[in-house]
Amino acid sequence: SPMTIQSSPRTIQDGGARNRPAHSPYRRFAIGGGALILVIAGFYWWTHSGSGTGPRRTPTVPVQAQRAVQRDMAVVKNTIGTVVANSTVSVTARVQGQLTKAYFKEGQMVKENDLLFEIDPRPYQAAYDNAVATLASAKSTADRNQRLSLENAISAQQNETAQAAYLQAKANAEAARLNLEFTKIRSPVNGKTGPIMLQPGNLVSGNGLTTPLVTITQIQPIKVSFNLPQSDLPRIQARAQHGGLTATVNLHDAGGEDITAPVDFISNAVSNSAGTIELRATFANTDAVLVPGQLVDVTVALANIKDAIVVPRVAVNIGPDSQYVYVVTPEHVVEQHNVKVLFDDGNSMAIQSDVKVGEMVITDGALRALPGGKVNVARPRPQAAAPGAGAPTEIARRKREPGSAPRVR
């Protein structure tokens, strides 16, 4: 019995040792944690050291930059204008008859009182001759009765009747003369004729309700109508008061030179639907290059900003709160400066900011630059250019594409 009691615990302990796993979970966790620490330490060493000598430095970013300049900048507005005829007249017949002849060619320039058409005058000539004869008879009777009335040979009523008949005959003769004159249709204005709407040989009614015979458009001088935003109204009024408001029409596409004329009309109301105000300028148009209904490019000078700080348009970026530029310090460090754009002419911007004259502003590469980071100002890359014009950068093209959304850099 004593031996049995002593041997039992050993048997239980040996069995427990045989059933225990070779690797416990605690040991696996310890090995995995140590490996993870080694990986993190290696990654930290790789990213924060260079060749074992110290912390790695972030490489400088290559950018292009230009200097801010100070100069006067004209505030100009570019818009689309419509050429408007100074006057347009629809020529119609005033008497009835057969149209016998046209004295002009379609599209011909005519002057006021030039003969255009003729209506058969024979019926009206006969009516006029008859009225003249009646007038002569009435005048003779009136003169005779006047003498007899002075001698008290006839009554006063007979004399008055004769005088009234004479006046009526005189009016009829004048009406007949006018109808005969109306058989010759003349131009009421100087202008250019359109197509002949009723060819000779046709009968015209003379009531003014038929199709016009021809339309004459006065194109010398001629007007150009255009609209500007109502926000420009103070500048428009200030410039107009001093007589300096002019409009320039670009005729390069038509093979001509730009022409300039003073603005002689400013509308008395702002359009409620468009929020714009209409202006017109009158051009001599001696070479007839402007045609009514034509669309033209119009440039209007509204003001002049004296001694403005001017930077390239591509240097101005749009942020969540305001516009800004990146300035490169002499130490090649990037600084962000908020700006207020006073005017944008499509290539340059006049800004209000603490940017000083001569400071370098980033024009290309701003997407890779960060405030406080280092940059390397490179020479501008050569750009393909059309004859006589420089090609804008890709960022500039994005900004100038119609309908494109502003890009935050």
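Residues count as buried under 20% relative accessible area and as exposed over 50%, with partly exposed in between. With these cut-offs in hand, the predicted model can be read from its charged pairs inward to its sheet and cores. Glu181 makes a convenient starting point: its relative accessible area is 44%, so this residue is partly exposed.

The side chain of Glu181 meets that of Arg177 in a salt bridge, with 3.0 Å from N to O. Arg177 is likewise partly exposed, at a relative accessible area of 31%. Both residues belong to helix 4, which spans residues 156-181, and because they are four residues apart there, about one helical turn separates them. The pair does not stand alone, as Glu174, Arg177 and Glu181 are linked in a network of salt bridges. In general, side chains of opposite charge can pair when their charged atoms come close.

Helix 3, residues 122-150, offers a similar arrangement: Asp143 and Lys139 lie four residues apart in this helix, and so are separated by about one helical turn. Their side chains meet in a salt bridge at 3.1 Å, N to O. Asp143 has a relative accessibility of 35% and counts as partly exposed, and Lys139, with a relative accessible area of 39%, is partly exposed too.

In total, the structure holds nine salt bridges. One of them joins Lys184 to Glu118, where the closest N and O atoms are 2.9 Å apart. This pair links distant parts of the chain, since Lys184 sits in strand 6 (residues 184-186) and Glu118 in strand 5 (residues 115-119), 66 residues apart. The two partners also fall into separate accessibility classes: Lys184 is partly exposed, with a relative accessible area of 35%, whereas Glu118 is buried, with a value of 14%. The value for Glu118 is under the 20% cut-off, which means that this acidic residue is classed as buried.

Attention now turns to strand 13. This strand covers residues 295-312 and pairs with strand 2 (residues 69-91) in the antiparallel sense over 13 bridges. Within that pairing, Val300 of strand 13 stands opposite Lys77. Strand 10, residues 246-250, is another antiparallel partner of strand 13, through four bridges, and here Thr248 stands opposite Thr299. Strand 17 (residues 348-352) also pairs with strand 13 in the antiparallel sense, again over four bridges. In this case Ile309 has Ile351 of strand 17 as its bridge partner.

Strand 13 matters for the packing picture as well. The largest nonpolar core has 30 residues, and those touching the most other members are Val224, Phe226, Leu279, Phe283, Leu290 and Val298. Two or more residues of this core come from each of strand 2, strand 9 (214-229), helix 5 (233-241), strand 10, strand 11 (259-266), strand 12 (276-283) and strand 13. Strand 13 gives the largest share, seven residues.

Phe226 illustrates how these parts of the chain come together. Leaving aside residues up to four places away in sequence, Phe226 touches Thr79, Ile80, Gly81, Ala247, Val263, Ile277, Glu278, Leu279, Val298 and Val300. Val300 is thus a contact of Phe226 as well as the residue opposite Lys77. A second, separate core of 19 residues includes Phe104, Leu116, Val204 and Leu213.

Methods. Residues numbered from 1 in each chain as written. Predicted model: local features only at pLDDT ≥ 70, side-chain atom pairs only at ≥ 80, totals over all residues. Heavy atoms only, no water. Pairing = 2+ DSSP bridges. Core = buried A, V, L, I, M, F, W, Y, C linked by side-chain atoms within 4.5 Å. Buried < 20%, exposed > 50% of the residue type's maximum accessible area, 1.4 Å probe, protein only. Contact = heavy atoms within 4.5 Å. Salt bridge = Lys/Arg side-chain N within 4 Å of Asp/Glu carboxyl O.
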